[in-house]
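Reader: I am a first-year student, and I would like a close look at the charged side chains in one structure. Please take me through how they pair, and what surrounds one that does not.

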Amino acid sequence: MSTVVRRRVDGWYRTASGLRQASVRSRSTAAAVIVVAVALLIGAAALLLLLQRALITEVSDAADGRVADVARQVSTEGTKGLGHDLANTTRASQLIQVLDPNGKIVAASSSRVGNSPLTDLRPPAGALLRAQVGAMPLIDDDHSFLIVAEGAAYHGTTYTVVVASSVETQRQTVSTVTQYLLIGFPVLLFVVGVAGWLMIGQALRPVERIRSRVQGIGSRDLTERVPVPQTRDEIARLAVTMNEMLDRLETGQTTQRAFVADASHELRSPLATLTAALEVIDADTTGKAWRELRQVMETETDRMRQLVEDLLLLAKADDRGIRMRQTDVDLDDLVEAEIKRLRSSKPELTVKGDVHPVRVTGDPGRLGQVLRNLVDNAARAAHSTVRLTTAERDGAAVITVEDDGDGIPEADRQRVFERFVRLDTSRSRASGGSGLGLSIAREITRAHHGTITLTSAPTGGTTATITLPN
């Protein structure tokens with residue numbers, strides 16, 4: 001690539017880069033001016049072309065009519081006295097000659113064209129020929145002419161009637177219109193540019209107000225909102241969308257703060273128990289306190305470990321979703337295992353099962369965790385009976401966990417899925433519950449494209465229903 005070509009390419013690239021970096025207002029104004037300029041050029045070209053064609057057609061029609069009239073006169077009256085008639089009835093923009101068969105001028109509309117024929121066209125009688133010529137020095141005229149010739153027979157002699165119509169007036173008309181267009185184009189483009197600049201600035205003014213307001217909103221206070229213009233255009237929808245985004249951010253920030261506060265509170269309890277136990281053990285020189293408090297410390301340690309694992313699981317779900325191992329899972333096997341576990345750990349409860357073979361694709365460990373959380377909740381809430389069932393309905397696998405406890409009020413059936421929510425705080429804390437079990441169960445079920453719902457049971461308790469696609 002030569003140096004000149006490289007410099008031109010670099011110049012075009014810098015120009016394009018500068019246009020991309022210009023403001024929206026500048027680019028929009030420039031685009032409007034360019035579009036109007038292209039439209040005006042196309043319209044002007046079409047106008048001049050049509051105008052020129054219309055004017056030439058007018059000249060041609062006038063010449064055809066005049067040559068036909070003269071030819072008719074020659075055919076009926078001959079050429080005697082024709083020159084005088086032509087001189088009195090011919091317009092200044094037309095020149096007329098009547099030629100005999102030898103090309104000699106027998107009549108003319110002006111002395112300017114009485115010496116030499118205007119054309120060598122010799123049409124037969126009744127025929128019409130035409131031609132367009134440039135300047136004709138023979139008549140001392142720099143104009144262009146449209147020549148029409150028609151043959152006329154009189155007493156066996158064929159004469160040629162020639163009409164030469166000047167097209168200079170038409171060309172001057174086109175030239176004048178072109179000059180006016182050339183003068184008006186820059187003025188019109190300037191008006192378009194100024195009007196576009198002002199109108200686009202007016203349209204973008206709400207955007208600038210939105211930008212200024214968003215710039216002033218800090219991460220510590222998300223209660224402010226951007227102004228919504230009193231219009232129904234794209235900018236108004238942008239402002240509404242920005243406010244909806246700020247609503248979500250504020251809700252997320254509030255939830256995050258509550259989550260951190262609740263997590264800190266949950267971790268503080270086992271840590272306080274462990275600290276108190278260590279102080280008692282440290283003050284006891286006999287070693288008896290260690291043997292008495294060892295079980296308590298192990299329980300609190302397990303509780304804190306489980307809480308940390310649950311918090312990490314929910315944090316991963318919020319960040320990028322829970323990763324699932326995809327394999328075939330027999331839900332009836334998971335339910336049978338939970339029935340056996342619950343019967344051994346809670347012998348005071350009656351555990352019933354109505355288990356049918358059901359298979360889905362998913363993570364057996366995570367699905368087992370969901371089922372265990374629901375079974376543990378049912379066992380804590382039940383008075384005497386817990387019932388587990390599996391079935392297949394409408395192409396989906398369904399697991400139900402039912403208890404005969406006091407039930408959950410309908411107003412709280414969605415709230416219990418929120419994190420750290422306990423409807424019976426004292427009992428949940430005593431049994432080690434952190435209020436995260438149902439939240440984790442819902443996140444895992446969603447990761448399997450399923451749903452989990454709570455309804456009232458026929459026994460008066462609660463029925464938890466898991467629905468998973470096969």
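Author: What follows goes through the salt bridges and then turns to an unpaired acid and a nonpolar patch.

The model is a predicted one. Side chains of opposite charge can pair when their charged atoms come close. Here the count of salt bridges comes to 12.

Start with helix α5, which spans residues 234-283. E234 forms a salt bridge with R237, and their closest N and O atoms are 3.7 Å apart. The two residues are 3 apart in this helix, so about one helical turn separates E234 from R237. E234 is exposed, at 56% relative accessibility, while R237 is partly exposed, at 46%.

Helix α6, residues 288-319, holds another pair, R294 and E298, 4 residues apart and again separated by about one helical turn. Their side chains meet in a salt bridge of 3.3 Å, N to O. R294 counts as partly exposed, with 45% relative accessibility, and E298 is also partly exposed, with 35%.

The next pair involves strands. D354 and R387 meet through their side chains in a salt bridge, at 3.8 Å from N to O. Because D354 belongs to strand β7 (residues 350-354) and R387 to strand β9 (residues 385-393), this pair ties together parts that lie 33 residues apart in sequence. Both residues are partly exposed: D354 has a relative accessibility of 31%, and R387 has 32%. There is also a network, in which salt bridges with shared partners join E338, R341, R372 and D376.

Now the unpaired acid. D332 lies in helix α7, which covers residues 331-345. D332 is buried, yet has no salt bridge. The nearest side chain of opposite charge belongs to R359, 7.0 Å away, whereas a salt bridge requires the atoms to be within 4 Å. What does lie by the side chain of D332 is the backbone nitrogen of V358, which is 3.4 Å from one of its polar atoms. Setting aside neighbours within four places in sequence, D332 is in contact with V355, H356, P357, V358 and T390.

Last comes a part of the surface without charge pairing. V187, F190, V191, V194, W197 and L198 form a nonpolar patch there, with about 590 Å² of accessible area together. One of these residues, L198, is found in helix α4, residues 168-216. L198 is exposed, and its relative accessible area is 53%.

Terms used: Residues are numbered from 1 along each chain as its sequence is written. This is a predicted model: local features need pLDDT of at least 70, side-chain atom pairs count only at pLDDT 80 or more; totals for chains, interfaces and linings use all residues. Side-chain values use heavy atoms; hydrogens and water are left out. Buried means under 20% relative accessible area, exposed over 50%, partly exposed in between (1.4 Å probe, protein chains only). Lys and Arg count as positive and Asp and Glu as negative; His and the chain ends are not counted. A polar contact is a pair of N or O atoms within 3.5 Å; within protein, one must be able to donate a hydrogen and the other to accept it, and residues adjacent in sequence count only if both atoms are side-chain atoms. Contact means heavy atoms within 4.5 Å. Patches are made of residues with over 30% relative accessible area and no salt bridge: like charges are joined within 9 Å, nonpolar side chains (Val, Leu, Ile, Met, Phe, Trp, Tyr) within 5 Å. Accessible areas come from the Shrake-Rupley method with a 1.4 Å probe; for residues, only the protein chains shown count as cover.
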